[in-house]
Amino acid sequence: MNDQEMRALVLTRYGGPDATEIRSVARPRLDPGRVLIQVYAAGLNPVDYKTREGKLRVIRRYPLPCAMGNELAGVVVEAGPGTTRFARGDRVMARVPKEDMGAFAEYAAVEESLVARVPREMKLEVAAGMPLAGLTALQCLRDVLAVAKGEEVLITGGAGGVGTFAIQLAKHFGCRVITTASPRGEQLVRSLGADEVLDYTAGGLDRVVARFDATFDTVGGAALATAIGATKRGGRLVTISGPVEPKTALIDLQRGAGLAALFWLVSASIRRVARKHGVRYRYLFMHPSGEELSELAALAEAGALRVVLDRVFPFEQIKEAMAYLEGGRAKGKVIVRMREEAWT
Ligand code: NDP
């Protein structure tokens, strides 16, 4: 491997774990407006295995082979032409552009508008777990649900990567937080500030009717319909795992009427359920943002937000890490480490 090459987890075709391999590939080009980051750690997300399986092909097709991975933390090694905010040596994190991926690699070139500084007291392998799940939770709670102080908010899947951020942010916004978790996750979600925990393995949410002002669903499936029923008439619900709906196509993906019509069909039945209960239904696709990520970093610095790590794997074991995440039992974030950070 020469100094223009790097190791990356490459997607060679759509399929199971064998569709990916660690390979030597060319380092990314540093286009204007981008910074070249030496990646120390990357966070894993369900979108990684869904992409590998080809489940998102309706929305986005990648030219294969391509490097995978959606969020990272590392150190700037070069700031490209036209950049102003970062310099060599800065410790940074980013949710990389969806069109590119490429976080499971030793280097990534990322638009500086998507990059944020990592708090001084936060290790890079911890920061790597913040961008995707943290931004998702922020955008759902603040931008879509617009939760207000004193409201009762339901968060399904509180022990997961997104849920652990959502609980803390909803508390930060002054809400009373009720979350679903199994007994395996109860202690964790309480430590993050959950006021009430409903054991989903014992049908804890099934008995709740029209109670919550706002609901953030991270689980989808049967849990979503139950969550709609548990939301007040006139309340609002956002899901990141249920059926996509027309606004997802028009607003989040900035696509046309064709995709919106398809999403209208896909979501017809769940929207009917929501209508029956008088609940406003929305599916959100999160978007990368360096500015919003800086807000999350500031909250972490102020002690209002922490990244919950489940496990950190060496990069060589990324397939084991992905299998672990796919098991669906992660408590907080699963991370791969490309490079050890000197930490004093
Ligand atoms: P995780 O893999 O981290 O979630 C695992 C957690 O979910 C475990 O702690 C598990 O708890 C809990 N869980 C599983 N089933 C249930 C259930 N029925 N009720 C309550 N909790 C449950 O996933 P993430 O949090 O990272 O992501 C969640 C979903 O959101 C994924 O489908 C992902 O693709 C999607 N997503 C979508 C985004 C978007 O932009 N639309 C952005 C980010 C994520 P236990 O072990 O105790 O059962």
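These questions and answers walk through a predicted model, from its nonpolar cores to its ligand and some single residues.

Me: How many residues does the largest nonpolar core have?
Reply: Some members of this core touch the most other members, including Met-93, Leu-141 and Phe-216. Met-130, Ile-155, Leu-169 and Leu-296 belong to that group too. The size of the largest nonpolar core is 54 residues.

Me: Which helix gives the largest share of this core?
Reply: The core draws at least three residues from each of domain 1 (5-130 + 308-337) and domain 2 (132-283). The largest share is 8 residues, and they come from one helix, residues 131-144. That helix is H3.

Me: How many residues are in the other core, which includes Val-76 and Ile-318?
Reply: This core lies apart from the largest one. Ala-103 and Leu-114 are also among its members. Its size is 35 residues.

Me: How many residues surround the ligand?
Reply: The closest are Lys-50, Ser-182, Tyr-200, Ala-330 and Lys-331. By class, the shell has 13 nonpolar, 9 polar and 4 charged residues. The number of residues around the ligand is 26.

Me: Which helices each supply at least two residues of the shell around the ligand?
Reply: The shell draws at least three residues from each of domain 1 (5-130 + 308-337) and domain 2 (132-283). Among the elements that supply at least two residues each is helix H4, residues 161-172. Helix H1, residues 46-52, does so as well. With H3 added, the helices are H1, H3 and H4.

Me: What distance separates a backbone N or O atom of Ala-330 from an oxygen atom of the ligand?
Reply: Start with two other residues. A backbone N or O atom of Val-162 lies 2.9 Å from a ligand oxygen atom. Tyr-283 has a polar side-chain atom 3.1 Å from a ligand nitrogen atom. For the backbone atom of Ala-330 and a ligand oxygen atom, the distance is 2.6 Å.

Me: What percentage of the ligand's accessible area does the protein cover?
Reply: On its own, the ligand has 940 Å² of accessible area. The protein covers part of that area. The covered share is 87%.

Me: Is Asn-45 buried or exposed?
Reply: Asn-45 sits in the loop between strand E3 (34-43) and H1. Its side chain makes a polar contact with the side chain of Lys-333, at 2.7 Å. Its relative accessibility is 4%, and the limit for a buried residue is under 20%. Asn-45 therefore counts as buried.

Me: Is Arg-88 buried or exposed?
Reply: Arg-88 lies in the loop between strand E5 (71-79) and strand E6 (91-95). From C-alpha to C-alpha, Arg-88 and Asn-45 are 28 Å apart, with their positions 43 residues apart in sequence. Arg-88 has a relative accessible area of 66%, and exposed means over 50%. So Arg-88 is exposed.

Me: Which residue is joined to Leu-64 by a cis peptide bond?
Reply: Omega of this bond is about 0°. The residue asked for is found in the loop between H1 and strand E4 (66-67). It is Pro-65.

Me: Where is Ala-210, a residue with positive phi that is not glycine?
Reply: Phi of Ala-210 is near 45°. The residue is partly exposed, with a relative accessible area of 40%. Its place is the loop between strand E11 (196-199) and strand E12 (212-217).

Me: Is Gln-254 buried or exposed?
Reply: Gln-254 is not a glycine, yet its phi is positive, about 50°. It is found in the loop between helix H7 (246-252) and helix H8 (257-266). Its relative accessibility is 66%, and the cut-off for exposed is over 50%. Gln-254 therefore counts as exposed.

Me: What distance separates the C-alpha atoms of Ala-298 and Pro-119?
Reply: Ala-298 lies in helix H10, residues 290-301. It is partly exposed, with a relative accessible area of 42%. Ala-298 and Pro-119 are 179 residues apart along the chain. Their C-alpha atoms are separated by 7.5 Å.

Me: Is Ala-127 buried or exposed?
Reply: Ala-127 belongs to helix H2, residues 124-127. Its C-alpha atom is 38 Å from that of Arg-233, a residue 106 positions away along the chain. The relative accessibility of Ala-127 is 0%, so this residue counts as buried.

Terms used
Residues are numbered from 1 along each chain as its sequence is written. This is a predicted model: local features need pLDDT of at least 70, side-chain atom pairs count only at pLDDT 80 or more; totals for chains, interfaces and linings use all residues. Side-chain values use heavy atoms; hydrogens and water are left out. A nonpolar core is a set of buried Ala, Val, Leu, Ile, Met, Phe, Trp, Tyr and Cys residues joined through side-chain atoms within 4.5 Å. Buried means under 20% relative accessible area, exposed over 50%, partly exposed in between (1.4 Å probe, protein chains only). Helices (H or I, at least four residues) and strands (E, at least two) are DSSP runs, numbered from the N terminus. Domain bounds come from an automatic or database domain assignment. A residue is near a molecule or strand if one of its heavy atoms lies within 4 Å of it. A polar contact is a pair of N or O atoms within 3.5 Å; within protein, one must be able to donate a hydrogen and the other to accept it, and residues adjacent in sequence count only if both atoms are side-chain atoms. Accessible areas come from the Shrake-Rupley method with a 1.4 Å probe; for residues, only the protein chains shown count as cover. Ala, Val, Leu, Ile, Met, Phe, Trp, Tyr, Cys and Pro count as nonpolar, Asp, Glu, Lys and Arg as charged, and the others, Gly among them, as polar.
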